[in-house]
Amino acid sequence: MLKNSEPERLQALHQLGILNTNTSEYFDAITRLAMEMFGVAGAYISLLDGDRQWLKSTVGFCPPNSERDQTFCHYTIQQPNVLVIEDTLLDARFANNPMVTGPQAVRFYAGAPLITAEGYAIGALCVIDTSPRSLNTAEKEKLARLASLVMSHITLGRAVGHVDAVSGIPNKYQLFADLTAQGRLYPGQDRVLADIAMPDPAKSFEIIRVLGAGVYDALVREVGARLMRLFEGRAQVYHLSDARFAILSRDEDTEGFIAYLHSLDAALEAPLNGLNIPISLASFGGIVAFDLCPNSANDAPRKAAAAINQAMVNQQRWSFYSNAEDEQQKRAFRLLNDVRQAIAGNQFELFYQPKHELNTGACKAAEALLRWNHAELGPVSPAEFIPLIEKTALIGPLTHWVIHTAIRQLGEWHAAGNMIKLAINLSAYNFEEPDIVERLAATCREFHVDPRYVEIECTEGMWMEGPDILKALHGIRDLGMTLALDDFGTGYSNFAYLQKVPATVVKVDQSLIRHVDANPRDQRIVRSLIGLARELDYQVVAEGVETEQSLGLIRAWGADVAQGYHFAKPMNATAFLAHAIAHRDRHVAIAA
């Protein structure tokens, strides 16, 4: 049965994604065959949009693309069978049509509708001639079969590009096509788009590693089948990528649909029984409610992706799209995207925080701290950009820049007689680079710096116990550089592994020092850490010293060096040297 709902017919047409595509050799072969088979002057394949006819293939004498209500095919798609106009001048519908009375003078038309599997006529395969004629029953059947071949080719093309090969569920390209079509047909209507990750990326990797890719694909198919059952009649399910699916609601009851999503927690958590081993999978979901519009196809999937990423970061079952969080994620992406350009464009700068010896008050050392003055965003806090960059391979080139810049500055100070010692921060990623020791040594040689004046800071943790990491740490110590464990007293903080790590300095974390003058608990912790570290022959550096009272306490407990706002904020190279001169040890001359 031919379905006559015009909005649904148009949606079916747009879902196929062929209106804006070029013709194909297959279509041209069909129209040539039709022209030869019926001995007519022309043949064409037309698609009927809301107000126009679009020709996908033409051969011989054919009409141009034109307004829909002036076309023969406008009437063809209103019936399930072949439409034949034996003499257009004798048909009241066309007797005054410009295609009949004008220079084209079409006198004969026959068209077979192109009908989708769901029963929507989206266009027609047509033959025309300049003289009246007729088609017998066998010829009508032949034209209908040719039209079926055209429709099969269209459907196959859609399946290849718009259906996921593993699950057989419509993919992200079909989601884009559907949102585009609905934005055109139902502007302003409310919808909900939900992304679901099941299993989550970490579990996916574990399943593939343990059970293999074949079992994983079967599991994904079972997840897809479950989602199809859960949302049958309520929403369209799409398979976006790997183990991520999208759910698009069908109507404007957004509150009801969101409530239904939340009601599915138990169903989503139920073990999957299609495999030999029942497996329970955690899932994460991101939800965005939106108004259909021309930009929905781009905007809604991006916002749903932002929401599900936030759900995974926070380990929540569901997360609603937040514009503030989305803006934060877009800013993070931009920062990461701009790192290489910022390095090349000298947007990064090193500042230096003085380190004071507590027994003399002298300033003989500093810690190099990275600053970013973004070309458009202005100053960006290290607390914002460093955690982002540390999670990517961009930490490699950025740290290389820091090493080169810091040691070059150290060389300039030393050449002028200012024997400053400088601490440089490296990340876990840097210690995994096979040439890190050689690059440190080569940079010191390039700028004539004795490695003894370089201290490498790293955040202590379990990552340091790997054999390659330990080899790099010992290699740095063999150069003569000192190793400092940063942020000590938080996180891992296991004294047992200190026997393996060749560090000589521990830096008590500033979160413990900042309020040590007023917090008895922090006082007990810091006093104990300093005492134990000194018993193990480590030099102790206290970070975050901000008051005279805090300074007095850590000095009394035996800390060796302190840094913090009580002495000075981080400053540029010129200001630091002036500070060091002003606080020089009376026994050591520091040249101006």
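A residue counts as buried when its relative accessible area is under 20%, as exposed when over 50%, and as partly exposed in between (1.4 Å probe, protein chains only). The model is predicted, so local features need pLDDT of at least 70 and side-chain atom pairs count only at pLDDT 80 or more, while totals for chains, interfaces and linings use all residues. Residues are numbered from 1 along each chain as its sequence is written, and side-chain values use heavy atoms, with hydrogens and water left out.

**Exercise 1. Describe strand β8 and its hairpin with β9.**

Step 1. Strands are DSSP runs of E with at least two residues, and helices are runs of H or I with at least four, both numbered from the N terminus. Strand β8 is mostly covered, since five of its seven residues are buried.

Step 2. Two strands pair if DSSP finds at least two bridges between them; β8 and β9 run antiparallel and are joined by six bridges. One of the pairs is H239 with its bridge partner F245 in β9.

Step 3. Two residues lie between the strands of this hairpin, where D242 takes a positive phi near 45°.

**Exercise 2. Place β8 in its sheet and find what packs on the sheet.**

Step 1. The open sheet has five strands in the order β8-β9-β7-β10-β11, with mixed pairing. Because β8 (235-241) and β11 (318-320) stand at the edges with a single partner strand each, one side of each is left without a neighbour in the sheet.

Step 2. On the other side of β9 in the strand order comes β7; five bridges join β7 (residues 190-197) to β9 (residues 244-249), and these two strands run antiparallel. In β9, A246 is the bridge partner of D195.

Step 3. Contact means heavy atoms within 4.5 Å. Helix α6 (residues 172-185) packs on the sheet and touches β7, β8, β9 and β10 (284-291), whereas helix α9 (residues 254-263) touches β7, β8, β9, β10 and β11.

**Exercise 3. Determine how helices α14 and α16 are arranged.**

Step 1. Axes are lines fitted to C-alpha atoms, for helices over the stretch in contact, and angles run from 0 to 180 degrees between N-to-C directions. The axes of α14 (residues 395-415) and α16 (residues 436-446) come within 9 Å and cross at roughly 30°.

Step 2. Angles under 35 degrees count as roughly parallel, over 145 as roughly antiparallel, 65 to 115 as roughly perpendicular and the rest as oblique; α14 and α16 are therefore roughly parallel to each other.

Step 3. For the residues, H400, I403, H404 and I407 in α14 meet I436, R439, L440, T443, C444 and E446 in α16.
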